[in-house]
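Me: I have a structure here that I would like to look at closely, one part at a time. Could you walk me through a single sheet and then show me how it sits in the rest?

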Number of protein chains: 2
Amino acid sequence: MRKIGIHELEDIALGASLLGSGGGGDPYVGKLIALGAIKECGPVTLLDPDEVKDDAFVVPIAMMGAPTVLSEKGIGGEEYAVLTDMISRYYNRKIDALMPIEAGGVNSMLPFAAAARLGLPLVDVDGMGRAFPELQMVTFTIAGISATPMALTDEKGNCAIFKTITNKWTEELARAVTMSCGGSVSVILYCVDGKTMKNYGVKRIVTRSEKLGKAIREAKHGRLSPEENFLASCEGYKIFRGKITDIRREVRGAFNFGKAIFEGSGEYKDESAFVEFQNENLVVSVEGEIRATTPDLICLVDAETFIPLPTDALKYGKRVLIVGLQCYAAWRSAKGIELVGPRYFGYNTDYIPVERRVKGEVL
Amino acid sequence: MRKIGIHELEDIALGASLLGSGGGGDPYVGKLIALGAIKECGPVTLLDPDEVKDDAFVVPIAMMGAPTVLSEKGIGGEEYAVLTDMISRYYNRKIDALMPIEAGGVNSMLPFAAAARLGLPLVDVDGMGRAFPELQMVTFTIAGISATPMALTDEKGNCAIFKTITNKWTEELARAVTMSCGGSVSVILYCVDGKTMKNYGVKRIVTRSEKLGKAIREAKHGRLSPEENFLASCEGYKIFRGKITDIRREVRGAFNFGKAIFEGSGEYKDESAFVEFQNENLVVSVEGEIRATTPDLICLVDAETFIPLPTDALKYGKRVLIVGLQCYAAWRSAKGIELVGPRYFGYNTDYIPVERRVKGEVL
C-alpha cells in the first residue's frame, strides 16, 4: 500500500503513454483530470494486488470512445458516483476498490480521478498491460469472464446497464450507445472479486508504468548512451531508427487506421520500415520482414527524448526510435492470440514473440 | 374483467391495423405470435383500467424497431420473462399487470403473447390510442413521466436497462442498440403505477380496437351502404375515395418516408389527393387543401373490403377510401401538439382537428 500524489502521477502518465503503443489516447488530458481530483480530494491509496482480499469487490473504471472527444467534452464531477451507485445497486454490494482496466493511454489516469473523488483505493493491476482498441480485448476474456453487467454514463446523466451473451456483443452495443452519446462515455465493466483479479489481471502494471516513465525521464543520466540506458531500463528490443517519409490515415468504423513509412538512419541507413496501426500499432516491418506484431507492444518514441509518440503525433520528417516490448504472458496463450493476435486484425501471419522476431527467427 | 381468447384476438388485430394509421407494422405477425401463446398457455385476462388498484405496478411491453425485421427474426420464448425479471429486479417490485403502450399495429398483439406466457393480466389501456414512430410519443410524456428505467432484450439474450435525462434521449440510445441488435428488440418502458395509468393512459383502447375490427368485418351487413355502415360504426370522417396513381418511398434514418398520390372516383371524380407518411400517415391533402394532419388518424382502407392498408401495401392502381378518425383528446393539448403535431414532423401548418378540416374550416 502506498500513496499516489501529484509527483508520482507524472511518471505513471509518461509510462502509460509508452504502454499505449501508439493508441489508448494521450494520457495528458487524463492526467489533468486526475491531477485536478487529487488536488481537490487528496492522494490516492494504491494497493498491491496481494493486499486485496479474495472476496473483495473490485471495479474497473474507464472511458470508452474517442480520447480526442474526451479532451473537448471533458468529464463532469458526477460520472464516477453515478457509475458506482448503479453497479452497487445492481450487485447489491459495496465496492471495495477500483482498478484500471487499460494501463496504456488515457485510461491509466481516469481511475485515479475516480479513486480520489470517491475516496476508494485503487489496485495496482489492469486487464491488458497495454492499450487495445476493443472492449473484449482484456485478460479476463481469456478466462471466460463476462464484461457485463457493464454500467455506462455520459456527462449529461444518461445511463445504461448492459448484460450481454458475449464480450463481443458488449463491444457492439456499448459502442453504439457511446457514438449516440457524442463519442465518449465513462464505464464500469469486468467487475471481479479479489481472487479473480489476482488470478487473471496484469499485476503491478501501475508500478511498471511509473518505472517506464522514470526510464524515459532519466535516460540521459545513466552510465551508457541515452538510447542504451532507455532500452535497458524499459527492457525494450530495438527494432528501427529513422525518419518518417510518409504517413497515411483513414478513419473507418470509429477506429484510426493508418500506415507510417520510415527511412533508416545510423545502423539502419539505406533500410526502410513501416508500421501499421488500428488505434494501436499492430505490425512493424523492416526491409519487408516483420519484426514485431500485436500483442507485443510496438512503441514509437522520439529518437532524442524517448517521449512516446501516439499515432496522431506522427508527421513527415519526425525522427523516431521503434522499440518492441514483450506483452503480458497470458496474451501469448492460444486464447490470447485468438483474441488479439495478428490474424484477428487481418494479418496473414502467425504470432511470433518479439524477442524471436528481432533475431530474424520466423518459425 | 373478461377473457381474451383466439376468437376475440381476430377483431382486435383487425381494429389495431386501422389504429396503426398506415404504420405500426402489420399486426398479422404479432397476431400469430399472440395466437401461439394463447393456444399454448390459455386465454388472457383483460382488466378494465378502473379494476386496477392505484398502487399496482403496471408494465407496458412492446417491440421496438422495424416490424418487417420482426417477421423474419421472430420472438423467442424467453424475452418476456427476461424483461420482466430485469424490471422487477431494478424496481425491487412484483409486476401486477401488463399493458400495451401502442394499440395500433403489431404492438397491439405482442402484449397478449407476453400476458399469456407470463400468466399476468393485461390492462385495457395504451399510451397512444394509435401508432406513432418514436418512443417519446406517448401520452405519459405529456404528463412528464419518464420512459426510463427501460429494459430491452433481443432474441439472443443481450439485455440493457436505460435511464436517461429525457424521453428523446431514450429514443436516441435505445434506437442505436436496436439497430445493433439487428433491427428489432423487445422492450419494457414507461412503467407506471395504477393511478398514473388511469390518469394519463388511453382507456379501453383494446375494446375500441375490437369494435373497429367488428365494424370492418360487418360493414356489408348493416342497414346502410357498406361504406356508410363502416363510417358510422368507426366514427370516421370520409376524406377521399380514389385510386393510387403514384407512390414514392424513401428509407431515411430507419424510418419509411413516402408520398402516395390519388385520382378521385365517384363524388371525387376529377379531384386529386395525396398522403404523406413517416411510418404512419401524417398529412392528407385534397385539391391542394389539407384535410387532416397528425395526431388525428389518417386511415387508408381498401375501398371494397375496408381492410386497412399499411403504407407498404400501397400500390399503383389500388382503390382506396381515406378516412379520418379523431385522436385521443390529450393529443390536442398544446403539449400534445408539440410532441406529435404537424410541425414536429416538418409541416408548416397548425393543427386543426379533423372534424373541422373536413368541413373546410382552416382557422
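In E15(A), which residue is the bridge partner of A:Val275? Please start there and then take me outwards.

Reply: Happy to. One thing to keep in mind from the start is that this is a predicted model.

The bridge partner of A:Val275 is A:Val284, which lies in E15(A). That pair belongs to a hairpin-sized piece of sequence that is easy to find on your screen: strand E14 covers residues 272–278 of chain A, strand E15 covers residues 280–286, and the two pair in the antiparallel sense over six bridges.

Now widen the view to the sheet around them. E14(A) and E15(A) are two of seven strands that form an open sheet, and if you step across it the order reads E16-E15-E14-E13-E12-E18-E17. The pairing in this sheet is antiparallel. At the edges you will find strand E16 (289–293) and strand E17 (297–302) of chain A, each of which pairs on one side only. From one strand to the next, the twist averages 35°.

Chain B gives you a second view of this arrangement. There, too, seven strands make an open sheet in the order E16-E15-E14-E13-E12-E18-E17, with antiparallel pairing. Strand E16 (289–293) and strand E17 (297–302) of chain B stand at the edges with a single partner strand each, so one side of each has no neighbour in the sheet. Ignoring direction, neighbouring strands of this sheet are turned by 35° against each other on average. For a pair to inspect here, try strand E13 (residues 255–264) and strand E14 (residues 272–278) of chain B, which are antiparallel and share seven bridges. Within that pairing, B:Glu263 stands opposite B:Ser272 of E14(B).

Back in chain A, there is also some strand pairing elsewhere in the sequence. Strand E1 (residues 2–4) and strand E2 (residues 44–47) of chain A pair in the antiparallel sense over three bridges, and A:Lys3 is found opposite A:Thr45 of E2(A). E2(A) also pairs with strand E5 (residues 122–123) of chain A, this time running parallel and joined by two bridges. In that second pairing, A:Leu47 has A:Val123 of E5(A) as its bridge partner.

How does all this fit into the whole chain? The secondary structure of chain A comes to twelve helices and 18 strands. Its radius of gyration is 20 Å, close to the 21 Å that the globule rule gives for 363 residues, so chain A is as compact as a globular protein of that length. Along the principal axes, the C-alpha atoms of chain A fill a box of roughly 60 × 45 × 35 Å. Of its 363 residues, 54% count as buried. Contacts reach across the sequence as well: among those between residues at least 6 apart, 74% join residues at least 24 apart.

A:Val340 is a good residue on which to see this for yourself. Its place is in helix H11 (residues 334–340) of chain A. A:Val340 counts as buried, because it has 27 C-beta neighbours inside 10 Å, and the cut-off for that label is 20 or more. Leaving aside residues up to four places away in sequence, A:Val340 touches A:Phe132, A:Met137, A:Thr294, A:Pro295 and A:Trp331. As for A:Phe57, which is 283 residues apart from A:Val340 along the chain, the C-alpha atoms of the two are separated by 27 Å.

Finally, look at where the two chains meet. Here 17 residues of chain B are in contact with 17 residues of chain A. On the chain B side, the elements that give two or more residues are strand E8 (159–163) and helix H7 (167–180). H7(B) provides the largest share, seven residues. By type, the chain B side divides into ten nonpolar, four polar and three charged residues. The strands take part in a pairing across the boundary: strand E8 (residues 159–163) of chain A and E8(B) are antiparallel, with five bridges between them. A:Ala160, for instance, stands opposite B:Phe162 in E8(B).

The two copies also superpose: chain B can be laid on chain A with an RMSD of 0.0 Å by a turn of 180° and a shift of 0.0 Å along the axis. They are thus related as by a two-fold rotation axis. The same surface serves both copies, with 100% of the contact residues of chain B recurring in chain A.

Conventions:
Residues are numbered from 1 along each chain as its sequence is written. Chains are lettered from A and ligands numbered from 1 in the order in which they are written. This is a predicted model: local features need pLDDT of at least 70, side-chain atom pairs count only at pLDDT 80 or more; totals for chains, interfaces and linings use all residues. Two residues are in contact if their C-beta atoms, placed from the backbone, lie within 7 Å. Helices (H or I, at least four residues) and strands (E, at least two) are DSSP runs, numbered from the N terminus. Ala, Val, Leu, Ile, Met, Phe, Trp, Tyr, Cys and Pro count as nonpolar, Asp, Glu, Lys and Arg as charged, and the others, Gly among them, as polar. Two strands pair if DSSP finds at least two bridges between them. Copies are superposed by least squares on the C-alpha atoms of residues with pLDDT of at least 70 in both. The radius of gyration is taken over C-alpha atoms; the globule rule is 2.2 Å times the number of residues to the power 0.38. A residue is buried if 20 or more other C-beta atoms lie within 10 Å of its own, exposed if 12 or fewer, and partly exposed in between; C-beta atoms are placed from the backbone. Axes are lines fitted to C-alpha atoms, for helices over the stretch in contact, and angles run from 0 to 180 degrees between N-to-C directions.
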